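Ready for some practice in reading a protein structure? Take a look at the sequence and the model, then work through the exercises below one step at a time.

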Amino acid sequence: MSVFKGLEEIVQRDFPLGQATTFGVGGKAEYFIRPRTEEELREVLVRADKAGVAVRAMGRGSNLLVRDEGVPGAVVQLQPAGFSRIEVEDDLLRAGAAAPLHKVVADAARAGLSGVECLVGIPGSVGGAVRMNAGGTYGDIGQTVERVKVMDARGQTFHREREDLLFGYRTSNITARFILEAELRLLPDSPRSIAARMKKIWIAKKNTQPMNAASAGCVFRNPRGLAAGAMIDQCGLKGASVGGAAVSRKHANYIIVKGAGAKAADVLALVDRMQKTVKERFGVMLEPEIEIWP
Ligand SMILES: Cc1cc2nc3c(=O)[nH]c(=O)nc-3n(C[C@H](O)[C@H](O)[C@H](O)COP(=O)(O)OP(=O)(O)OC[C@H]3O[C@@H](n4cnc5c(N)ncnc54)[C@H](O)[C@@H]3O)c2cc1C
């Protein structure tokens, strides 16, 4: 622990990282670090930078697959206690990176602000959602982002403004190591109509996606103009399984994990099978939307 000596309250060695993801499978992180303040985060980054220890930012682990072999270096997850404040000022909602999306959506609706209902049911944090522009059919978070506060690998903080931010399909141009906070510009609307839209979106998702199973959402990105789920379905892969991982019968672009003995290797083998089958049938190589660590 010499790199992080004195920070034992927030640093754990050989932490079972896979269990902290929504898939619930995979190996350990060499260091799992949960800073409570910006100062602690800066200290961690400065020391890691000096010692050449790789650092990864983790949100709520809902878009990640951790390999069984684990992750070398440090995985840093901002503690909600210090990084999840949500404030509303007129039509602007400011949220800490560790704030869960469901809380942002609920607070915005209560304040009569529309624009983030599209995120209903997405189990991520503000930081993870902004980094990869979470969203889908009903819209994405990027369309609301006015400003982000970030910290680079050396612990310097700065802001990035709307005019210099680019959001694409599950991508953003935010490359700084940590997003600390995001400001979302929303539109006034009645709480009642926002709630009605949220309900409609939630019902549509619940009817078509396995929202309560252990997964990381859609496994593959949709190739241009095509739906990955429909292609996998047409290959007859719904229900196909490897060990404890199976293609959801409700939505073919979801892999769900069941059973105590399930491994990340099962998920990876199924990913491989889905890619190969779709390639053979349609000539298209599906690209993972989930992030595979390391
Ligand atoms: C049931 C289910 C449904 C889902 N539905 C959707 C959906 O409809 N649309 C969608 O887009 N996604 C969906 N997802 C995937 C996932 O919830 C989103 O991608 C979410 O935005 C990931 O956020 P996270 O906090 O869990 O990030 P993580 O999975 O922890 O990390 C994702 C990426 O963000 C980076 N990151 C995390 N926090 C920070 C930070 N503070 N600063 C910088 N980088 C950071 C990580 O390094 C990583 O690169 C779903 C997942 C599940 C399990």
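**Exercise 1. An aspartate in a loop**

Is Asp-90 buried or exposed?

*Solution.* Keep in mind that this is a predicted model.

Step 1. Find the residue: Asp-90 sits in the loop that links strand 6 (86-89) to strand 7.

Step 2. Look up its relative accessible area, which is 73%.

Step 3. Compare with the cut-off: exposed means over 50%. Asp-90 is therefore exposed.

**Exercise 2. Unusual backbone angles**

Find out which sign phi has in Asp-90 and in Asp-14, and then inspect the peptide bond between Trp-293 and Pro-294.

*Solution.* Step 1. Start with the background: most residues other than glycine have a negative phi, and most peptide bonds are trans.

Step 2. Asp-90 is not a glycine, yet its phi is positive, about 50°.

Step 3. Asp-14 also has a positive phi, near 50°, and is a residue other than glycine. Asp-14 belongs to strand 1 (residues 11-15). With a relative accessible area of 44%, Asp-14 is partly exposed.

Step 4. Now the peptide bond: Trp-293 and Pro-294 are joined by a cis bond, with omega about -10°. Pro-294 is placed in the segment after strand 20.

**Exercise 3. The surroundings of Gln-209**

Work out where Gln-209 lies, whether it is buried or exposed, and which residues it touches.

*Solution.* Step 1. Gln-209 is in the loop between helix 5 (191-208) and helix 6 (228-234).

Step 2. Its relative accessibility is 17%. Because buried means under 20%, Gln-209 counts as buried.

Step 3. Leaving out residues up to four places away in sequence, Gln-209 touches Lys-250, His-251 and Tyr-254.

Step 4. Look at the side chains of Gln-209 and Tyr-254: a polar contact of 2.7 Å joins them.

**Exercise 4. Strand 15 and its partners**

Which strands pair with strand 15, and how many of its residues are buried?

*Solution.* Step 1. Recall that strands of a sheet pair through backbone hydrogen bonds, either parallel or antiparallel.

Step 2. Strand 7 (residues 92-96) pairs with strand 15 in the antiparallel sense, over 5 bridges. Here Gly-96 stands opposite Glu-181.

Step 3. Strand 11 (residues 145-151) is joined to strand 15 by 6 bridges, and these strands run antiparallel. Arg-147 stands opposite Glu-183 of strand 15.

Step 4. Of the 8 residues of strand 15, 6 are buried, so the strand is largely enclosed by the rest of the structure.

Step 5. Follow strand 11 onward: 5 bridges join it to strand 12 (residues 157-161), again running antiparallel. In this pairing Arg-147 stands opposite Glu-161.

Step 6. Strand 11 and strand 12 form a hairpin with 5 residues between them. In the turn, Gly-155 has a positive phi of about 90°.

**Exercise 5. A sheet of three strands**

In what order do the strands of the sheet with strands 17, 18 and 19 lie, and why is one side of each edge strand left without a neighbour?

*Solution.* Step 1. The order in this open sheet is 17-18-19, with antiparallel pairing.

Step 2. Strand 17 (241-242) and strand 19 (255-257) are at the edges; each has a single partner strand, so one side of each has no neighbour in the sheet.

Step 3. Check one pairing: strand 17 and strand 18 (residues 245-247) are joined by 2 bridges. Val-242 has Ala-245 as its bridge partner in strand 18.

**Exercise 6. Around the ligand**

Describe the shell of residues around the ligand and find backbone atoms that approach its polar atoms.

*Solution.* Step 1. The ligand is surrounded by 32 residues, and the closest are Ala-57, Ser-62, Ser-125, Gly-135 and Glu-291.

Step 2. Sort the shell by class: 14 residues are nonpolar, 12 polar and 6 charged.

Step 3. Helix 4 gives the largest share of the shell, 4 residues.

Step 4. Turn to the backbone atoms. A polar backbone atom of Asn-63 is 2.8 Å from an oxygen atom of the ligand. A backbone N or O atom of Gly-128 lies 3.4 Å from a ligand nitrogen atom, and one of Ile-179 lies 2.8 Å from a ligand nitrogen atom.

Step 5. Finish with the area: taken alone the ligand exposes 960 Å², and the protein buries 94% of that.

How values were computed
Residues numbered from 1 in each chain as written. Predicted model: local features only at pLDDT ≥ 70, side-chain atom pairs only at ≥ 80, totals over all residues. Heavy atoms only, no water. Buried < 20%, exposed > 50% of the residue type's maximum accessible area, 1.4 Å probe, protein only. Polar contact = N/O pair within 3.5 Å; in protein donor to acceptor, adjacent residues only side chain to side chain. Contact = heavy atoms within 4.5 Å. Near = heavy atom within 4 Å. Areas by Shrake-Rupley, 256 points an atom, 1.4 Å probe, with all protein chains shown as cover. Nonpolar A, V, L, I, M, F, W, Y, C, P; charged D, E, K, R; others polar. Pairing = 2+ DSSP bridges.
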